[in-house]
Amino acid sequence: MDAYLEEELYDLLTFCMQNESSSDHDSKKERIHAIGEELFNDGGVDAMENMYFAIQNRIKEEIHKDANAYRSWWNGITDEWKY
C-alpha cells in the first residue's frame with residue numbers, strides 16, 4: 001500500500017507544484033491530506049515523516065523543486081505534525 005500511496009502523493013504534489021492556478025488544485029490538496037491521514041492511521045507520525053522524506057527527496061531530484069512548503073497540508077491530522 002505504501003508504494004501506491006507514494007506514487008499517488010508524488011503525482012499529486014508535482015501536479016500542484018507545476019500547476020498552482022489549476023482548478024483541480026483544491027481537490028488535489030484534499031487528497032494529499034487524506035493520504036496523510038491514511039499514513040497516520042496505519043503507522044503514526046513516523047509513517048508520515050518517512051513518506052514525506054522520501055517524496056521530498058524524489059521531487060528535489062526529479063523536478064528540482066522544494067516540497068517543504070507543502071508539509072503544512074498535513075497539519076491538523078495530529079498535534080505532533082506542526083509545519
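In the predicted model, His25 touches Cys16, Asn19, Glu20 and Trp73, leaving aside residues up to four places away in sequence. His25 lies in helix H2. The residue counts as buried, because its relative accessibility is 15% and the limit for burial is under 20%.

Helix H2 spans residues 25-62. The helix has 38 residues, yet its end C-alpha atoms are only 21 Å apart. A straight helix would reach 56 Å at 1.5 Å a residue. H2 also has a kink of about 130°, centred on Gly43. His64 follows H2 and is placed in the segment after the helix. Phi of His64 is positive, near 60°, in a residue other than glycine. Most residues other than glycine have a negative phi. His64 is exposed, because its relative accessibility is 65% and the exposed class begins over 50%.

Helix H1 covers residues 2-18 and includes Glu6. Glu6 counts as partly exposed, at 23% relative accessibility. Leaving aside residues up to four places away in sequence, Glu6 touches Met51, Ala54, Ile55 and Arg58. The C-alpha atoms of Glu6 and Cys16 are separated by 15 Å. These two residues are 10 apart along the chain.

Arg58, one of the contacts of Glu6, also meets an aromatic ring. The charged end of Arg58 sits over the ring of Tyr10, 3.9 Å from its centre. A second such arrangement involves Lys28 and Phe15. Here the charged end of Lys28 sits over the ring, 4.8 Å from the ring centre.

Aromatic pairing was examined next. The structure holds five aromatic pairs. Tyr52 and Trp74 form a pair that is edge-to-face. Their centres are 5.4 Å apart, and the angle between the planes is 80°. The pair counts as edge-to-face because that class takes planes over 60 degrees apart. This pair links distant parts of the chain. Tyr52 belongs to helix H2, whereas Trp74 lies in the segment after H2, 22 residues apart. Both partners are buried: Tyr52 has a relative accessible area of 1%, and Trp74 has 0% relative accessibility. Tyr52 and Trp74 also belong to one aromatic cluster with Trp81 and Tyr83.

Trp74 has a long list of contacts beyond residues up to four places away in sequence. Its aromatic contacts include Tyr52 and Trp81. Other residues touched by Trp74 are Leu9, Ile32, His33, Ile35, Gly36, Leu39, Met48 and Met51. Met51 is also touched by Glu6.

The largest nonpolar core has 23 residues. Leu9, Leu13, Ile32, Ile59 and Trp74 touch the most other members of this core. H1 and H2 are the elements that give two or more residues to the core. Its largest share, nine residues, comes from H2. Of the residues with the most core contacts, Leu9 and Ile32 are among those touched by Trp74. Trp74 thus appears in the core, in the aromatic cluster and in the edge-to-face pair with Tyr52.

Definitions and conventions:
Residues are numbered from 1 along each chain as its sequence is written. This is a predicted model: local features need pLDDT of at least 70, side-chain atom pairs count only at pLDDT 80 or more; totals for chains, interfaces and linings use all residues. Side-chain values use heavy atoms; hydrogens and water are left out. Rings of Phe, Tyr and Trp (its six-membered ring) pair if their centres lie within 6.5 Å; planes under 30 degrees apart count as stacked, over 60 as edge-to-face and the rest as tilted. Helices (H or I, at least four residues) and strands (E, at least two) are DSSP runs, numbered from the N terminus. Buried means under 20% relative accessible area, exposed over 50%, partly exposed in between (1.4 Å probe, protein chains only). A charge sits over a ring if NZ of Lys or CZ of Arg is within 6 Å of the ring centre and within 35 degrees of the ring normal. Contact means heavy atoms within 4.5 Å. The expected span of a helix is 1.5 Å times one less than its number of residues. The bend at a residue is the angle between axes fitted to the seven residues ending there and the seven starting there. A nonpolar core is a set of buried Ala, Val, Leu, Ile, Met, Phe, Trp, Tyr and Cys residues joined through side-chain atoms within 4.5 Å.
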